[in-house]
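Here is a short briefing on a protein and the ligand it holds. Have a look at the structure first, then read on for the contacts around the ligand.

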Amino acid sequence: MSVSARKKAITPVDVRARKGAEPLVTLTAYTTPMARIVDRHADIILVGDSLGMVVHGLPSTLGVTLEMMILHGQAVRRGCQKALLVIDMPFGSYEESPEQAFRNAARIMTETGCGAVKLEGGVSMAETIAFLTRRGIPVMAHVGLLPQSVNVVGGYKVQGRGADAERVLADAKAVAEAGAFSVVLEKVSEPLGRRITGEITIPTIGIGASAACDGQVLVLDDMLGLFEDFKPSFVRRYAELGGTVDAAVAAYAEEVRARAFPAEEHVYPE
Ligand code: KIV
């Protein structure tokens with residue numbers, strides 16, 4: 001893709017400037033054809049490590065590798081003209097040290113051409129976020145429910161209930177102060193989503209965190225009804241493509257069994 005074709009692409013600075021303004025439309029994508037469709041409508045395309053579950057059938061995001069993220073990132077980049085492309089740093093690729101995070105984030109950026117990376121963690125990741133942003137890597141943070149920490153928190157539970165709200169707020173403040181240009185806020189109540197959005201200076205992009213946030217992100221396969229293993233309670237399905245695909249495959253199977261598919265003379269007329 002030429003430099004001019006990407007001239008009007010949304011940047012992390014544009015996203016940062018949308019604080020309190022028009023909500024940021026964010027969706028995941030993992031392949032070129034889906035990225036082409038999402039790019040027409042979204043401000044941000046996230047190649048989330050959710051791809052481990054919805055594309056590769058893994059039980060959680062923990063088995064996702066840097067190589068998987070780069071491969072899907074390259075595919076999505078080919079379908080992305082206008083939206084800001086953000087790629088998740090997978091589990092184990094950034095937690096050890098700021099230097100490890102920089103090395104792997106730089107690899108993701110140079111090998112995919114994405115505009116930013118996302119990593120999970122609040123106060124504990126603030127130093128790493130500052131280290132990356134000072135060295136030219138825009139970071140989208142992720143606080144609240146952290147799917148990569150599912151084994152420590154004991155499931156995909158609502159975060160910030162009662163006194164725990166202060167912890168999630170402190171996490172959001174820490175990543176904003178460290179230089180993140182936006183933050184994903186996952187699975188917190190509406191009052192907490194509203195409070196955090198009001199108290200920090202960067203856009204909050206909610207997932208199960210209410211319309212009070214500065215934007216929303218959903219997993220594409222969830223909102224299209226393509227991922228049938230598990231349906232998060234906050235996900236609204238805008239289509240039931242799982243059923244549509246099932247019906248199409250069943251119709252095809254029936255035709256083949258009945259030898260009802262087009263005969264060769266019709267496909268290749270003399
Ligand atoms: O991996 C992912 O898709 C994500 C979103 C759900 C925010 O992190």
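**Ligand contacts**

In this predicted model, an N or O atom in the side chain of Asp49 is 2.9 Å from an oxygen atom of the ligand, a polar contact (a pair of N or O atoms within 3.5 Å). Local features need pLDDT of at least 70, side-chain atom pairs count only at pLDDT 80 or more, and totals for chains, interfaces and linings use all residues. Residues are numbered from 1 along each chain as its sequence is written, and side-chain values use heavy atoms, with hydrogens and water left out.

**More on the ligand**
- The side chain of Lys118 also places an N or O atom 2.9 Å from a ligand oxygen atom.
- For Asp88, a polar side-chain atom is 3.1 Å from an oxygen atom of the ligand.
- The protein buries 94% of the 260 Å² that the ligand exposes when taken alone (Shrake-Rupley method, 1.4 Å probe).

**The shell**
- Residues around the ligand (a heavy atom within 4 Å) include Thr28, Leu46, Ser50, His142 and Val184.
- This shell divides into five nonpolar, four polar and three charged residues, with Gly counted as polar.

**Overall fold**
- The protein has 12 helices and eight strands (DSSP runs of at least four residues for helices, H or I, and at least two for strands, E).
- Its C-alpha atoms fill a box of roughly 70 × 45 × 35 Å along the principal axes.

Technical notes:
A polar contact is a pair of N or O atoms within 3.5 Å; within protein, one must be able to donate a hydrogen and the other to accept it, and residues adjacent in sequence count only if both atoms are side-chain atoms.
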